[in-house]
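Reader: I would like a close look at one part of this protein, a pair of neighbouring helices and the loop that joins them. Please take me through that part slowly, and set it within the chain as a whole.

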Amino acid sequence: MPGRLQRRQRRNPPPTPGTGSIAISFRNLTSSSVTVDFAPDDKTETYYFALIEKEAYLSYESDDQLIRAAVAYIQSLAEQNGRDVQELLAEELLKGNISWPFSGLTPQTDYIAYAFGLTAECQVTSALSKAEFTTLSSQSVQCTFELSVTDVTATSFTLNVTPSDEQVPYYFDLMSAEQYAMYCNASPEGVPSFLTDLYLPSLADEYGLTIPEVVSDIVSRGPDSFAFSGLEAATAYYAFAIGVGVDGSTTTAAAVERFETSGKSENTFEVEIAGRGADWAKIRVRPLNNEPYILVPELQEYFEGMTDDEIIADVLRAYAKVLSDKIYYGGVEVTELGLIPDRDYYALVFGYDNGVPTTPLTRLPFRTNKSVPVNCSFEIAVKEVGKTSARVAVTPSDDAVSYFSYYISAADYETGGGDDAALRAYTDTVIDELVRRNEGWPRWEVLQAVLSRGSERWTLDEGSLVPGTDYYAYAIGMTADGTFTTQAALSDRFTTLGEHETLAEIEIDYHLMDGANFGQPDNALIYGWFYPKHADVWYGAGFVDDDSVLAWSDDEAAAYLLENGQTGVGSSGSIWNYVPWGGHINYIGMAVDADGNRSPVGRLSVTADRSSLASVCGHAAPSLTAVCPAVPAIPDLGPFPFLLRAEGQRSETFRSMRGLTVRAAAGTPQFHSHPRH
């Protein structure tokens, strides 16, 4: 194809017969797929099999090194998926004659299919059996496409594609007239070069994938459809469909059809108030057509003297940052919370798509009820109390009740009277200060921003509290007009840490592996994992067959760690050692907080017990970033036939890519930004 790199043509050699104790043969060979038959001599033994490009296979110095790398790869996959290796392999290893289809292969590429005996205990039981084959070159196929649109509106329609051959993979999309002229020279003959030279490479670059990976995620087979929205009214668009090979080459001629959106939307809305309370309203909307629209409740006083068009413009400005949350399709019944009691509102509804209003404004006036006391209690827990910080969790008995939660020193609470009246007066003072700091905000908008519903977790940031001081956290029901609706609830009294106390702590765990997998058959490979909490830095050390450390005091151990220990930052880290089978290793570790205060020293002793290897082969631990210096970086081992059985694992991720050719890539209580500020 003009503009494309031409691959050197060659005759595809026949597959090489398999060697070893597991016979390997091939059938149904195509440019992108093959069925591999595995036939072991011993039908009772389990084995592992996979596919690897020959180029990657040749990067290994020996078959044994490939086996070791494959075993390490399986172990790392188990860890990444939170599985025990023994449990995973017991479920997934197969035995006897197996036929396995592999797809998503690259045309005209040499591959090695291989297999070796493997038990659920990660024990290798045979040499590597392998066989070579070469995929065929991509070829054109006979397939045509029927394109049609349904559900046409001013800003959307559904594109439907029906191929004449349902087995042919293809891609379809939509272009504006300007894009069709620019990228395809306004001709179906220009679609192939656009797709292969521009579009697919740009997707591969953007998502960090290969061309075959992109193709496998975006192609369709059989009839398919996609609902395009955000289009311009009364505008022509060009839809196309074209067969695509796994390497990104096109396999059919392109089908192109011109379609138009309708003119201005004719949608209308029936709006009613289905229920209301002091701070909520249930708004029901029934549109004539299934087109996007905006629904918001707003105070009538905001719009005095404004025209409908001015109201629409004001709503779009006020809700610009959260507008996507206010867009609806079809009939809905929405309960709007956080309203102000005993105030006049409008339910405002208007069509909206692609950044512009599409219908006139519909507005329905209503008034909220007066605020009344409600029956709601609160559970309050305070955790992770530091010198000047703490974490607070509030759980109300009724998630529909709005409330205010904060903290108060024990001294202020007792000075104010130590009762509900004291907390109400203190709350009013806090809100007065918030209003002062947010000049220009009416008091009710400040309250709308700080009141909570449902379970709430918030943090008193460093510096909020005073070290060595007693406090309470509290919650009290409240509506946005400032009315208290419940009795206040207090947490248990808590005391911040003194100047030289610390929350820092460290936990030590381990991960034991068979050293034979890494060229050390006489040793176990043991990772000591260190998990610090509330720490700025951690220290750790391991001592192989050395028990002198057991007699050290915490001060002696800390002194050693500070001078000689391995150190790190972050949520975890590890130290690895080879330990002779039957030997042991003693770990010590500690965490140090930002003020330099250290945790108690953590200690753990681990025995290199070969009999327990299976039970700890998948011991919970973070994924290994480097297994052993003796093992080289693992090349791509191809599909792992147990964890990736289903094709198109990333298909849902890429469904949203359809239409990229059309649309541009688009220490106090929690203070939520009000849409009007």
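Author: Before turning to the helices, I begin with a residue elsewhere in the chain, Ala234, which counts as exposed because its relative accessibility is 54%, and the cut-off for that class is over 50%. Ala234 sits in the loop between β11 (224-228) and β12 (236-243), and its phi is near 50 degrees, a positive value in a residue other than glycine. I shall come back to this kind of backbone angle below.

As for the setting, this is a predicted model, and its protein chain of 677 residues has 49% of them buried. The chain holds 13 helices and 35 strands, while its accessible surface comes to about 31,800 Å², with 48% of that area belonging to carbon and sulfur atoms.

The part you asked about is made of helix α4, residues 177-184, and helix α5, residues 191-207, whose axes come within 9 Å and cross at roughly 80 degrees. The two helices are therefore roughly perpendicular to each other, since a crossing angle of 65 to 115 degrees is counted in that way. On the α4 side the contact is made by Tyr180, Tyr183 and Cys184, and on the α5 side by Val191, Phe194 and Leu198. Sorted by class, the contact between α4 and α5 has six nonpolar residues, with no polar and no charged ones.

Cys184 deserves a second look, because this contact residue of α4 is also buried, with a relative accessible area of 2%. Another cysteine, Cys376, is likewise buried, at a relative accessible area of 9%. A biochemist may wish to know about disulfides here, and the count for this model comes to zero, where a pair of cysteine sulfur atoms would have to lie within 2.5 Å to be included.

The loop between α4 and α5 contains Asn185, a residue that is not a glycine and yet has a positive phi of about 55 degrees. Asn185 is exposed, with a relative accessible area of 65%, whereas Cys184 is buried, at 2%. A positive phi is thus found in Asn185 of the loop between the helices, and also in Ala234, which belongs to the loop between β11 and β12.

Notes:
Residues numbered from 1 in each chain as written. Predicted model: local features only at pLDDT ≥ 70, side-chain atom pairs only at ≥ 80, totals over all residues. Heavy atoms only, no water. Helix = DSSP H or I, 4+ residues; strand = E, 2+ residues; numbered from the N terminus. Buried < 20%, exposed > 50% of the residue type's maximum accessible area, 1.4 Å probe, protein only. Areas by Shrake-Rupley, 256 points an atom, 1.4 Å probe, with all protein chains shown as cover. Axes fitted to C-alpha atoms, helices over the stretch in contact; angles between N-to-C directions. Parallel < 35°, antiparallel > 145°, perpendicular 65-115°, else oblique. Contact = heavy atoms within 4.5 Å. Nonpolar A, V, L, I, M, F, W, Y, C, P; charged D, E, K, R; others polar.
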